Amino acid sequence: MSGRKRPSARTASPSSSSSSYGSSSSSYEAKKRKRQISLSTFKNWKSKYDEELQTLTWLDCDRDKGEVDALWCSACRAYKGAIYGMKNYSEAWIAGSQNQRVSNVVDHGNSEQHKVAMCRYRQAQAKSSSQPVTSYAPIAKSLLNLGDTDKARLRRKFDICYMMAKEGMAFEKFAAIYELEQRHDVELGT
Ligand SMILES: [Zn+2]
């Protein structure tokens, strides 16, 4: 078999052979290039994926009459400064994504940059509405679930640590102080 170098008509420039396919082909190409969803589909996505991805909070779009022109994320736009340059950072959902597929929405909702932007967004929301730190900070949140006895124990341990830090004491001394406190019937837990 010697190399067959027969030029194929199929690989010829598409513009030169478009006439034989007629106008249906070019309109198909146009649709393929830009698949637009209707505004009602967009609203449907926004509510349908809210539980899983909080889409009501961030999913937005540029409108073109009754259709969606581009999808974008209000959280990533607002906190671009915090996410810029992250691993796999993408400008698509900030500038406006032309990829109008559910999978694109889901992928963005699960992306690292988006999660960071949403975290910033929630912190700002909580601060602006003067919600307590326990409404968004995980460690503070877990403290809420402590019973009164555990809270008291934690406070005593914290007092010891605070005193030690203030006095510049080595942390190895903690065990000795802890034992002494227990001998004095101070309930510290384990
Ligand atoms: Zn986002």
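Two residues are in contact if their C-beta atoms, placed from the backbone, lie within 7 Å. The structure is a predicted model, in which local features need pLDDT of at least 70 and side-chain atom pairs count only at pLDDT 80 or more, while totals for chains, interfaces and linings use all residues. Residues are numbered from 1 along each chain as its sequence is written.

**Exercise 1. Contacts and confidence**

Task: State what share of the contacts with a separation of 6 or more in the protein chain comes from residues 24 or more positions apart, and find where pLDDT stays under 50.

Solution.
1. Residues 24 or more positions apart account for 55% of the contacts with a separation of 6 or more.
2. pLDDT is the predictor's confidence in each residue, from 0 to 100. The protein chain averages 82, and 79% of the residues score at least 70.
3. pLDDT stays under 50 over residues 1–5, where the model has 0 contacts beyond four places in sequence.
4. It also stays under 50 over residues 7–24, where the model has 3 such contacts.

**Exercise 2. Elements and the hairpin**

Task: List the order of the elements from the N terminus on, then describe how β1 and β2 are joined.

Solution.
1. Helices (H or I, at least four residues) and strands (E, at least two) are DSSP runs, numbered from the N terminus. The protein chain has 12 helices and 2 strands.
2. The order is α-α-α-α-β-β-α-α-α-α-α-α-α-α.
3. Two strands pair if DSSP finds at least two bridges between them. β1 and β2 run antiparallel and are joined by 6 bridges; D62 stands opposite A70 in β2.
4. The two strands form a hairpin with 2 residues between them. K65, in the loop between β1 and β2, is not a glycine, yet has a positive phi of about 55 degrees.
5. A residue is buried if 20 or more other C-beta atoms lie within 10 Å of its own, exposed if 12 or fewer, and partly exposed in between, with C-beta atoms placed from the backbone. K65 counts as exposed because it has 8 C-beta neighbours inside 10 Å.

**Exercise 3. R63**

Task: Place R63 in its element, decide whether R63 is buried or exposed, and name the residues that R63 touches.

Solution.
1. R63 is found in strand β1.
2. R63 has 12 other C-beta atoms within 10 Å and is therefore exposed.
3. Leaving out residues up to four places away in sequence, R63 touches L39, V68 and D69.
4. R63 and L39 are 24 residues apart in sequence, and their C-alpha atoms are 7.7 Å apart.

**Exercise 4. The largest nonpolar core**

Task: Find which elements each supply at least two residues of the largest nonpolar core, and which gives the most.

Solution.
1. A nonpolar core is a set of buried Ala, Val, Leu, Ile, Met, Phe, Trp, Tyr and Cys residues joined through C-beta atoms within 7 Å.
2. The largest has 17 residues, and those with the most contacts inside it are L59, C73, A75, C76, Y79 and A117.
3. At least two residues each come from α2 (39–48), β1 (59–64), β2 (67–73), α5 (74–78), α7 (92–95) and α9 (112–128).
4. β2 gives the most to this core, with 3 residues.
5. Beyond its neighbours within four places in sequence, A117 is in contact with A75, C76, Y79, A82 and I83.
6. For the chain as a whole, 12% of the 190 residues count as buried.

**Exercise 5. Helix α9**

Task: Check the span of α9, then work out how its buried residues are arranged around the axis.

Solution.
1. The expected span of a helix is 1.5 Å times one less than its number of residues. The 17 residues of α9 should therefore span 24 Å, and its end C-alpha atoms are 24 Å apart, which agrees.
2. The buried residues of α9 are Q113, H114, A117 and Y121.
3. They cover an arc (of the directions from the helix axis to the C-beta atoms) of only 90 degrees, so they lie on the same side of α9.
4. On the other side of α9, E112 and K127 are exposed.
5. The buried residues of α9 pack against β2, α5, α6 (80–83) and α8 (102–109).
6. S130, which follows α9, has a positive phi near 45 degrees.

**Exercise 6. After α12**

Task: Describe D185 and V186 in the segment after α12.

Solution.
1. D185 lies in the segment after α12 (174–183). D185 is not a glycine, but has a positive phi of about 65 degrees.
2. D185 is exposed because 6 other C-beta atoms lie within 10 Å.
3. V186 lies in the segment after α12 and counts as exposed, with 12 C-beta neighbours inside 10 Å.
4. Not counting residues up to four places away in sequence, V186 touches R156 and E181.
5. V186 and R156 are 30 residues apart along the chain, and their C-alpha atoms are separated by 8.6 Å.
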